[in-house]
Amino acid sequence: MSSTAAGRARRPVRRGAVLIAGPALALALAGTVAVAFEQEESVGGQVPLSEPAAVPSASVAQSPAPTPSSEPAAPAEPVTRVPVRDAAPPQAVDVAAPVRVQVADTVDVDVRPVGVDPDGTMELPGSGDVAGWYRFGAAPADEAGTTVLASHVDTSEGVGAFAALADVEPGDRVRVTDADGAVHDYTVRTVERFHKSGTPLETIFDRTGEPRLALVTCGGRWDADAGHYEDNLVVTAVP
Amino acid sequence: MRTHRLATALGATALAAATGTAFALPAAAADGDAMLSVLHGVPDTTVDVYVDGELTLDDFEPGDLAGPLELAPGTYSVAITAADAEDDSEPVIGPVDLPLEADMSYTAAAHLDAEGSPTATLFTNDTSQIAAGEGRLTVRHVAAAPAVDVLAGGDPVIEGLENPDEQVLDLPAGTVSAAVAAAGTTEPVLGPADVDVAEGVNTIVYAWGSLDDDSLALATQTVEGMHSAPGGVDAGTTGEAAAASHGFFSPAVIIAAMTALVALVTVVGVRTAVRVGRENR
């Protein structure tokens, strides 16, 4: 009696489970397809999305005065040696701008200096066959900081040269030539894709620390409504 | 086991803390120190500078900038004496008290007031963040002269600046052709001179000396490290790169496949529901 009742009671439950499992399976399949969708209809979809790392806070530094004070001549002796310089207006210092970047066998483009667009984002050359060097950051010959080169992944002229960054792998070689003719060789350390809201801009544009090279373009899915890509693709290389 | 796990957790925390500390180390000064620079803007007079009774700058010459000194927060007494003084008992300027707060940047200027008498002014240097692509220009009037206008490229950008006041502007980074004119005029009494307003840097320009003695001059100081990263890198304009990388799974194929899948599941679900309903009846 009790076993029959239990058996009868169990049946609808099993059928109910099928009712629930069916849509669940469909959702799971749809999810799989959506993943394939993202990988196939995006730039650098095979590059896993990265979370930005902790950012060191920028600190304020005063430019040290280069010349030491003259020898003491007065009766009293100074207790500490304080740097003193002539405060006449200094001249702007010229740095050797990068003029060409080559990545593995896939990218070979000219580079020109760029700044900041009115909306506060990095200025970029209009052509996808030219990369922009962020001229307010480090240059390749600098002893510290990241040299940042960026270029459009596509323009009205077609797919840009930096679209090939999606296929770059750690260990690949990068060569940057600067305006003095000096050649700077780098080895790719990381290839990362960040959702734009989480792109670690402070790290990419870091002007301190070991010399590095960052190659930046867009990646991920194209948001047609917003008119931009959802992600940034960032290749970091070290000398 | 529990102890081990706790030890690991503590280790990770310690590591994170250590890393955080390493990152937080400032480039130039001990954490919490105040930075003090000293500008000598009194013409024709070499001086000694005493801080809290100790000779700190010996034979300090007009137009020179000293520092920055890294000082623990607190109030310091500064006296400026003739260059051959034996101690600070007969100062020509001061003693003046300089209250210095932690992590702030200051410049103490020895200069002439508008009437030509020696005095000292403590300025606080603006070290707030500067927008990407911009530089900060601070102009300080420490000359024996009436109110002035500051011209950039011939146009007044600062008007009616009086001794010992300052004005601060954030500008697109670049070289500014700066000149100083009597207030309300455009005929330079000083300059024009090229001033490099570097990106992310506070470039502080002092007009010092004396108008009557024809000794007006410019002095500059820079305070660095306030730069910001750009707000983003928008490096795509058409979506073509994404479209170009389509393989077999074009959007049309995927939408069709998903529609078919949903239809199939709906049919199976409805049939099952009908059958269950019949059996329960």
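User: What phi does B:Gly116 take in the hairpin of S7(B) and S8(B), and how many residues sit between the strands?

Analyst: B:Gly116 has a positive phi near 105°, and the hairpin has five residues between its two strands. One caveat up front: this is a predicted model, in which local features need pLDDT of at least 70 and side-chain atom pairs count only at pLDDT 80 or more, while totals for chains, interfaces and linings use all residues. As for labels, residues are numbered from 1 along each chain as its sequence is written, and chains are lettered from A and ligands numbered from 1 in the order in which they are written.

User: What makes S7 and S8 of chain B a pair?

Analyst: Strands here are DSSP E runs of at least two residues, helices are H or I runs of at least four, and both are numbered from the N terminus. Two strands pair if DSSP finds at least two bridges between them. S7 (residues 105-112) of chain B has eight bridges to S8(B), so by that cut-off of at least two they pair. They run antiparallel. Among the matched residues, B:Leu112 has B:Pro118 as its bridge partner, and B:Ala108 stands opposite B:Leu122.

User: Which strands stand at the edges of the sheet that holds them, and why?

Analyst: The sheet is an open one of five strands in the order S2(A)-S4(B)-S1(B)-S7(B)-S8(B), with mixed pairing. Its edges are S2 (84-86) of chain A and S8 (118-125) of chain B, because each has a single partner strand, leaving one side without a neighbour in the sheet. On average, neighbouring strands are turned by 20° against each other, direction ignored; axes are lines fitted to C-alpha atoms (for helices over the stretch in contact), with angles from 0 to 180 degrees between N-to-C directions.

User: What makes the other sheet, in chain A, a barrel?

Analyst: Eight strands of chain A close up in the order S3-S4-S5-S6-S11-S12-S10-S9, with mixed pairing. The average turn between neighbouring strands of this barrel is 35°, direction ignored. S3 (residues 98-103) and S4 (residues 107-114) of chain A run antiparallel and share four bridges, so they pass the pairing test. A:Arg100 and A:Asp110 are bridge partners there. Chain A as a whole has two helices and twelve strands.

User: Why is A:Tyr134 called buried?

Analyst: Count C-beta atoms, placed from the backbone: a residue is buried with 20 or more others within 10 Å of its own, exposed with 12 or fewer, and partly exposed in between. A:Tyr134 has 29, so it is buried. It lies in S5 (residues 130-134) of chain A. Buried residues make up 36% of the 239 residues in chain A, and 40% of the 281 residues in chain B.

User: Which residues does A:Tyr134 contact, leaving aside neighbours within four places in sequence?

Analyst: Two residues are in contact if their C-beta atoms, placed from the backbone, lie within 7 Å. With those neighbours left aside, A:Tyr134 is in contact with A:Val114, A:Met122, A:Val148 and A:Phe205.

User: What makes the nonpolar core, and which residues have the most contacts inside it?

Analyst: A nonpolar core is a set of buried Ala, Val, Leu, Ile, Met, Phe, Trp, Tyr and Cys residues joined through C-beta atoms within 7 Å. The largest one has 113 residues, and B:Tyr206 and B:Ala207 have the most contacts inside it. S11 (residues 212-223) of chain A gives the most to this core, with six residues. Beyond four places in sequence, the contacts of B:Ala207 include B:His141, B:Val180 and B:Leu216.

User: How do you know where the domains of chain B are, and how many residues touch across them?

Analyst: The bounds come from an automatic or database domain assignment. Domain 1 is 25-125 and domain 2 is 127-226 in chain B, with C-alpha centres 21 Å apart. In chain B, 19 residues of domain 1 are in contact with 24 of domain 2. S7(B) gives the most to the domain 1 side of chain B that touches domain 2, with five residues.

User: What does UniProt list for residues 34-150 of chain B?

Analyst: The unreviewed UniProt entry lists that span as "domain: DUF4397". Positions follow the numbering used here, feature names are shortened, and annotations may be inferred rather than shown by experiment. In the model, residues 34-150 of chain B are 0% helix and 64% strand, with end C-alpha atoms 30 Å apart.
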